[in-house]
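Got your viewer open and a selection box ready? Let's walk through this one stop by stop, picking out residues as we go.

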Amino acid sequence: MNYRPSRRTRRLAITGVVVLALAGMNGPALYRFGTEQYHDYKINRPEYKAENGHWDFLDVPSEFRINTIHAALLHTGKVLLIAGSGNNQKNFDAKKFESVLWDPKTDTYKKIPTPKDMFCAGHTQLPDGKLLVAGGTKRYEKLEGDVTKAGGLMIVHNEDPDAPKTLPAGTIFTGKKNGKTYVSKDPVLVEKAKKIFDKQTGRFLRTEAGLGRIYVEAKASGKKYESGTEDNYRVHGLTGTDAKNVYGIAQKLALDKKDFQGIKEAYEFDPVAEKYITVDPMNEARWYPTLTTLEDGKVLSLSGLDEIGQIVPGKDEIYDPATKKWEYTGVIRKFPTYPAIFLMNNGKLFYSGSNAGYGPADEGREPGVWDLKTNKFKKIPGLSDPDRMETSATVRLPPAQDEKFMVIGGGGVGESEKSSEKSRLVDLKEPNPRFKDGASLDQGTRYPSASLMPDDTVLVTGGSHDYRGRGGSDILQARLYDAKTGTYRRVADPAVGRNYHSGSLLLPDGRVMIFGSDSLYSDKANTRPGVFEQRIEIYTPPYLFRDARPKLTGGPKKIARGGTATFESAHAGSLKDAKLMRPSAVTHVTDVDQRTVALEMKKTKDGISVTVPKNRALVPSGYYMLFVTDDQGTPSEGTWVEVP
């Protein structure tokens, strides 16, 4: 709570400090009480806030408290909070999927009917201001020991070059060697075989079987139903040539751990109608995918775990908002899940190496520049702690025109205890880009949140130095990073630890919302299971504790790319710069949408005029917040404008 302490409160706090100095080691309880009292006094002093900012809890009514895992700022100024099943198996089994819409202006909340489990989906801002949400959870993971029926991946082969084959859910497969029987959980489409010809002579060489992938499991429970080794499987119910042409091949089908499985469903959230609208499903099921908006406004969907819990084998696809349809890119490139992939100013894509976990430790993890048209990938060297990039955060430093990126923290693959304190910088405008180390954090940090601020700093907060906050390893610190000086400055500390399933986003009024956290344990000894953190904190930066801030009025709702617009301001004489900031859509400390675009600004008689850059890759179509900043570094509130 924000308050000004009375004289009596200040006197008591100071007295407490004197007493604890006298008590020394004989009064630990008194020491703790006095320290906490003095801390509360210190962080609520006006001078402290003006220098370090302040944290407050959002007072969310109990009926609207959810396990927020995804958050997106909409052009209405409201924030969509998405939990889906919220990493809660009971919610999943009960089909209890949740989303809540929060209005920061009125501090009101609204429950949004959520049609599918969007837990661990991907999302991005669309050109028309809607939010595309794709993928999510089909099945929760089962740890070794919890799996009762042997199962796994069955690769179905089709040697018929004339037609694909569809096998329904419940199809039975029997091993030719082991004689054991398994049943499919879902239908599967098996592509028709390809005829391979010699490119020079045109002579037919061979037939290459079409493939389909499906999860199967034994009919009954028990270790005796494990398959042991690879085997060929006969497909029941097929007759004639199909019985010969269609067959299955599976490696060991066992009682080992089964990963999460993804879904294909996709939705657009309409901020005006405030509801999800069903669109065409993806071609591939995806859990933990990244959605990246491309230069033409279409959306690239890549990576994720598929409907059988396997990493999607590089089958990237593109969504067209005009047709509401998905098409494969036609290229194959593999990445670990939630890869941090950004649109560059030349239309190519930058992969920073940041990711959120699943995928081979030795494949698709090196950073580089990717040309989607040619599928050429140029690796970028120099990355420090390259084996500690999982759960790192990547942010595009302001202004976006400079094409400088910073990769913050991260940890080892999987449940590794390793973490990195590094901040790695790369300038993509250099002829031969190379990572170099910037300012370091105090300690290794997994899951750091990073939000661009309208004064061109970056708020870096939260994280833990061990996997999911094990051992009480949450880091209760926040910093502002100055891209111009390349330095961090400690500011007010948050009250709540944030690790897995957390994130942050900038609000139009210049504050930052911090949400989520999903610790494995709730104690340092790792004996008590963790509880999902439903509390939301709001960080009010130092610039909002100054006497005044500039204001913009008037002006158009749309500004054409390359166009100029005029706004009125009584503070025009003190204004120093203007910028467009793209609203965030964040999950798992991954936010490839946010960017700050510097605008050309000129003073007018009654205000300013701003000009939007012509480059479509620099300024993708959509809604932006227009901020101006005065000579004290104080930003205005964001004014929503559309760049069509």
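How many salt bridges does the count come to? The count comes to 40, where a salt bridge is a side-chain nitrogen of Lys or Arg within 4 Å of a carboxyl oxygen of Asp or Glu. Before you click anything, know that this is a predicted model, in which local features need pLDDT of at least 70, side-chain atom pairs count only at pLDDT 80 or more, and totals for chains, interfaces and linings use all residues. Residues are numbered from 1 along each chain as its sequence is written, and side-chain values use heavy atoms, with hydrogens and water left out.

**Stop one: the hairpin of β4 and β5**

Select residues 98-103 for strand β4 and 108-113 for strand β5. Strand names here come from DSSP runs numbered from the N terminus (strands are E, at least two residues; helices are H or I, at least four). The two strands pair in the antiparallel sense over 6 bridges; strands count as paired if DSSP finds at least two bridges between them. Zoom in on Leu101, and you'll find its bridge partner Lys110 in β5. There are 4 residues between the strands of this hairpin, and Asp107 takes a positive phi near 55 degrees.

**Stop two: the barrel**

Now for a closed barrel of 6 strands, which runs β9-β16-β12-β11-β17-β18 with antiparallel pairing. From one strand to the next, the twist averages 40 degrees (axes are lines fitted to C-alpha atoms, for helices over the stretch in contact, and angles run from 0 to 180 degrees between N-to-C directions). What holds paired strands side by side? Strands of a sheet pair through backbone hydrogen bonds, either parallel or antiparallel. To see one pair, select β9 (residues 151-158) and β16 (residues 210-218), which are joined antiparallel over 8 bridges. Gly152 has Val216 of β16 as its bridge partner.

**Stop three: β20 and its neighbours**

Jump to residues 266-270, which make up β20. Is this strand enclosed or open? 5 of its 5 residues are buried, so β20 is largely enclosed by the rest of the structure. Buried means under 20% relative accessible area, exposed means over 50%, and partly exposed is in between (1.4 Å probe, protein chains only). Show the side chains: Ala266, Glu268 and Asp270 point one way, while Tyr267 and Phe269 point the other way.

Add β7 (residues 131-134), which pairs with β20 in the antiparallel sense over 4 bridges. Leu132 has Glu268 as its bridge partner there. Then add β21 (residues 275-279), joined antiparallel to β20 by 5 bridges. Ala266 stands opposite Val279 in β21. β20 and β21 form a hairpin with 4 residues between them, and in the turn Glu274 has a positive phi of about 55 degrees.

**Stop four: salt bridges to click on**

Pick Glu141 and Lys257, whose closest N and O atoms are 3.3 Å apart in a salt bridge. Glu141 sits in the loop between β8 (137-139) and β9, and Lys257 in the loop between β18 (246-250) and β19 (261-262), so this pair ties together parts that are 116 residues apart in sequence. Glu141 is partly exposed at 27% relative accessible area, and Lys257 is partly exposed at 36%.

Next, try Arg286 and Glu317, a salt bridge with its closest N and O atoms 3.0 Å apart. Arg286 is in the loop between β21 and β22 (290-293) and Glu317 is in strand β24, 31 residues apart. Are these two buried or exposed? Both Arg286 and Glu317 are buried.

Glu363 and Lys334 also meet in a salt bridge, at 3.9 Å from N to O. Glu363 lies in the loop between β27 (349-351) and β28 (368-371) and Lys334 in the loop between β25 (325-332) and β26 (341-343), so the pair ties together parts 29 residues apart in sequence. To finish this stop, select Asp442, Arg479, Arg490 and Asp493, which are joined into one network by salt bridges that share partners.

**Last stop: backbone curiosities in loops**

Select Ser303 in the loop between β23 (299-302) and β24 (315-320). Ser303 has a positive phi of about 65 degrees although it is not a glycine, and at 3% relative accessibility Ser303 counts as buried. Asp385, found in the loop between β29 (376-379) and β30, has a positive phi near 50 degrees. End at Pro398 and Pro399, joined by a cis peptide bond with omega about -10 degrees. Pro399 lies in the loop between β30 (393-396) and β31 (404-408).
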